[in-house]
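Here is a short tour of the structure for the bench. Have a look at the model first, and then we can walk through it topic by topic.

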Amino acid sequence: MSDAPRDPDCLFCRILAGEIPAEVVHETEHVLAFRDIAPQAPTHVLVIPRGHHENAAALAAAEPLVAAELLTAAAEIARLEGLAGYRLAFNTGAEAGQTVFHAHLHVLGGRDLTWPPG
Ligand code: 5GP
Ligand code: ZN
């Protein structure tokens, strides 16, 4: 998607452009999935849209089909990683722990996960 919005200062846009390396586990025309640099579980993958949107809500408003594709990609990653169960999280806003303001879905699994999260 060459016409996808891009922010040259955004870390994940730079990963999409190949300017910063990442361990890619899955990709489609619209999304890229790669391992988190600081994994919080044996499997910790980030699924991102190719377009720059600051959070999941902005992505869903602008590109609803791509927002849905993040979920499809997460299921594929769980299958590839052999996860019996997994957790999906969109941290939205700094108060919720969001540090990178390019929408991303965390896929966590491979260990027992407690609820509620911190
Ligand atoms: P957030 O805190 O915004 O929900 O998630 C951002 C995630 O990006 C964090 O889990 C953090 O470890 C991860 N991250 C930050 N910088 C990099 C990087 O350069 N490469 C990769 N693969 N992950 C990163
Ligand atoms: Zn971006």
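How do the residues of the lining of the second largest pocket divide into nonpolar, polar and charged? They divide into 4 nonpolar, 6 polar and 2 charged. Please keep in mind that this is a predicted model. The points below start with the zinc ion, move on to the open and closed spaces, and end with a few single residues.

**The zinc site**

- Four residues coordinate the zinc ion (ligand 2): Cys10 and Cys13 do so through SG, while His52 and His102 use ND1.
- The coordination distances run from 2.1 to 2.3 Å.
- The site of the zinc ion (ligand 2) is tetrahedral, and the angles among its 4 donor atoms are 105 to 117°.
- If you like to read such sites along the sequence, the spacing of the donor residues is C-x2-C-x38-H-x49-H.
- Cys10 counts as buried because its relative accessible area is 6%, under the 20% cut-off.
- Cys13 is buried as well, since its relative accessibility is 2%.
- As for cysteine pairing, the structure holds 0 disulfides.

**The largest pocket**

- The largest pocket holds about 380 Å³ of space.
- Its lining is made up of 22 residues, and those closest to the pocket centre are Phe12, Phe34, Asp36, Ile37 and Leu46.
- Three elements each supply at least two residues of this lining: helix H1 (11-16), strand S2 (31-35) and strand S3 (43-49).
- H1 gives the largest share of the lining, with 3 residues.
- Sorted by class, the lining of the largest pocket has 11 nonpolar, 8 polar and 3 charged residues.
- Phe34, one of the residues closest to the centre of this pocket, sits in strand S2.
- Is Phe34 buried or exposed? Phe34 is buried, because its relative accessible area is 3% and buried means under 20%.
- From Phe34 to Val100 the C-alpha atoms are 14 Å apart in space, and the two residues are 66 residues apart in sequence.

**The second largest pocket**

- About 310 Å³ of space lies in the second largest pocket.
- Residues from several parts of the sequence line this pocket, including Gln40, His44, Arg87, Ala89, Asn91 and His106.
- The lining of the second largest pocket also takes in Leu108, Arg111, Leu113, Thr114, Pro117 and Gly118.
- Strand S4 (86-89) and strand S5 (105-109) are the elements that give two or more residues to this lining.
- Arg87, one of the lining residues, is found in strand S4.
- Why does Arg87 count as buried? Its relative accessible area is 19%, and the cut-off for buried is under 20%.
- Arg87 and Val107 are 20 residues apart along the chain, yet 5.8 Å separates their C-alpha atoms.

**The closed cavity**

- The count comes to 1 cavity of 30 Å³ or more.
- The largest cavity holds about 30 Å³ of space.
- Which residues line the largest cavity? They are Asn55, Ala56, Phe90, Asn91, Thr92, Gln98, Ala103 and His104.
- By class, the lining of the largest cavity has 3 nonpolar residues, 5 polar residues and no charged ones.
- Asn91 is part of this cavity lining, and Asn91 also appears in the lining of the second largest pocket.

**Other residues to look at**

- The peptide bond that runs from Trp115 to Pro116 is cis, with omega near 0°.
- For context, most peptide bonds are trans.
- Pro116 lies in the segment after S5.
- Leu65 belongs to helix H3, which covers residues 64-81.
- Leu65 counts as exposed because its relative accessibility is 73%, and exposed means over 50%.
- Between Leu65 and Leu16 the C-alpha to C-alpha distance is 19 Å, and 49 residues separate the two in sequence.

Key: Residues numbered from 1 in each chain as written. Chains lettered and ligands numbered in written order. Predicted model: local features only at pLDDT ≥ 70, side-chain atom pairs only at ≥ 80, totals over all residues. Heavy atoms only, no water. 1 Å grid on protein atoms, 1.4 Å probe; cavity = no way out; pocket = protein on both sides within 12 Å on 5 of 7 lines; lining within 4 Å. Points joined across faces, edges and corners; volume = space filled by probe spheres on them. Helix = DSSP H or I, 4+ residues; strand = E, 2+ residues; numbered from the N terminus. Nonpolar A, V, L, I, M, F, W, Y, C, P; charged D, E, K, R; others polar. Donors = N, O, S within 2.8 Å, 3.2 Å for Na, K, Ca; no water. Tetrahedral: all angles 85-135°; square planar, octahedral: opposite > 155°, others 65-115°. Disulfide = S-S within 2.5 Å. Buried < 20%, exposed > 50% of the residue type's maximum accessible area, 1.4 Å probe, protein only.
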